[in-house]
Amino acid sequence: MIYSTEVQNMCPVAKGAYHGPAPIPEEGKWVQAKEIKDISGLTHGVGWCAPQQGACKLTLNVKDGIIEEALVETLGCSGMTHSAAMASEILIGKTLLEALNTDLVCDAINTAMRELFLQIVYGRTQTAFSEGGLPIGASLEDLGKGLRSQVGTMFASKAKGPRYLEMAEGYVTRIALNKDDEIIGYEFINLGKMMNSIKKGLDANAALEKAKGHYGQFENAAKYIDPRHE
């Protein structure tokens, strides 16, 4: 340790009482976090790249400072999906500090990691007041049946109006319109259910029909349109 001349010439003064850091809530306990191993919790965060053409939703389940579970969901950039594949291998087993200082391939994923780090180390996790936290695998509940990310995709133009392309329920196949050409419902295919049926041996066309559903006043429409071709 090197001290400046000014510090060397100072007389020592006692520091006084030390009470440690303020406790933060972690999995139903109040913890004075002094080291990375003192941190636990499950939480989500969103990141974006510099051109903002894509985004990442990252979910981490941290136990005793170690990332035990990671869910990486990306949107809007084809290259980002490959980055997510690499990040899923990189993140698990690392400490929070290692993950924060590791290149996660894509800026959006790196930014999401930064946002999660801030939440976790300040005690703002989803499981801050949940005794024992959540088990490993809890992030998969966000995906629902079929283990697919819940995505909303809509397109609209002033000239032709809105088109629903994908909802949480699934891939939109038809939009229902009333007599004034206003949207009153839609038909969708739950792709997760369809693929599960096909894997079980059901004919693809039968699986498609089985996975169809509709929402709103779909059956009372004046007409139906294909949102991708009409």
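These exercises, each with a worked solution, walk through a predicted model.

**Exercise 1. Find which residues have the most contacts inside the largest nonpolar core, and which elements build that core.**

Solution.
- Step 1: Start with the core itself. The largest nonpolar core has 24 residues.
- Step 2: Pick out the residues with the most contacts inside it. They are Leu 58, Leu 60, Leu 91, Ile 109 and Met 113.
- Step 3: List the elements that give two or more residues to this core. These are strand 4 (55–63), strand 5 (66–75), helix 2 (78–91), helix 3 (96–100) and helix 4 (107–121).
- Step 4: Find the top contributor. Helix 4 gives the most, with seven residues.
- Step 5: Look for a separate core. Another one, of seven residues, lies apart from the largest, and Val 172, Tyr 186, Phe 188 and Ile 225 are among its members.

**Exercise 2. List what Leu 60 touches, leaving aside its neighbours within four places in sequence.**

Solution.
- Step 1: Take the contacts that come before Leu 60 in the numbering. They are Gly 41, Leu 42 and Thr 43.
- Step 2: Take those that come after. They are Ile 67, Glu 69, Ala 70, Leu 91, Met 113 and Leu 116.
- Step 3: Link this to the core. Leu 91 and Met 113, like Leu 60, are among the residues with the most contacts inside the largest core.

**Exercise 3. Check the span of helix 2 and decide where its buried residues lie.**

Solution.
- Step 1: Work out the expected span. Helix 2 has 14 residues, so at 1.5 Å a residue it should span 20 Å.
- Step 2: Compare with the model. The end C-alpha atoms are 21 Å apart, which agrees.
- Step 3: Name the buried residues. They are Met 80, Ser 83, Ala 84, Ala 87 and Leu 91.
- Step 4: View helix 2 down its axis. The buried residues fall within an arc of 110°, so they line one face.
- Step 5: Recall the general pattern. An α-helix has 3.6 residues a turn, so residues three or four places apart point the same way.
- Step 6: Turn to the other side of helix 2. Ser 78, His 82 and Glu 89 are exposed there.
- Step 7: Ask what covers the buried residues. The cover includes strand 4, strand 5, helix 3 and helix 4.
- Step 8: Move past the end of helix 2. Gly 93 follows, with a positive phi near 90°.

**Exercise 4. Trace how strand 7 pairs with strand 6 and with strand 8.**

Solution.
- Step 1: Pair strand 6 (residues 153–157) with strand 7. The sense is antiparallel, over five bridges. Thr 153 stands opposite Glu 166 in strand 7.
- Step 2: Find the connection. A hairpin of three residues joins strand 6 to strand 7.
- Step 3: Pair strand 7 with strand 8 (residues 170–177). This pairing is also antiparallel, over two bridges. Met 167 has Gly 170 in strand 8 as its bridge partner.
- Step 4: Find this connection too. A hairpin of two residues joins strand 7 to strand 8.
- Step 5: Check burial. Strand 7 (residues 161–167) is mostly covered, with five of its seven residues buried.

**Exercise 5. Describe helix 5 from its start to just after its end.**

Solution.
- Step 1: Begin at the start of helix 5. A side-chain oxygen of Asn 190 comes to within 3.2 Å of the backbone nitrogen of Gly 192.
- Step 2: Name the buried residues of helix 5 (residues 191–199). They are Gly 192, Met 194 and Ser 197.
- Step 3: Find their packing partners. These residues pack against strand 9 (183–189) and helix 6 (204–210).
- Step 4: Step just past helix 5. Gly 201 has a positive phi of about 105°.

How values were computed
Residues numbered from 1 in each chain as written. Predicted model: local features only at pLDDT ≥ 70, side-chain atom pairs only at ≥ 80, totals over all residues. Heavy atoms only, no water. Core = buried A, V, L, I, M, F, W, Y, C linked by side-chain atoms within 4.5 Å. Buried < 20%, exposed > 50% of the residue type's maximum accessible area, 1.4 Å probe, protein only. Helix = DSSP H or I, 4+ residues; strand = E, 2+ residues; numbered from the N terminus. Contact = heavy atoms within 4.5 Å. Pairing = 2+ DSSP bridges. Expected span 1.5 Å × (residues − 1). Arc of directions from axis to C-beta. Polar contact = N/O pair within 3.5 Å; in protein donor to acceptor, adjacent residues only side chain to side chain.
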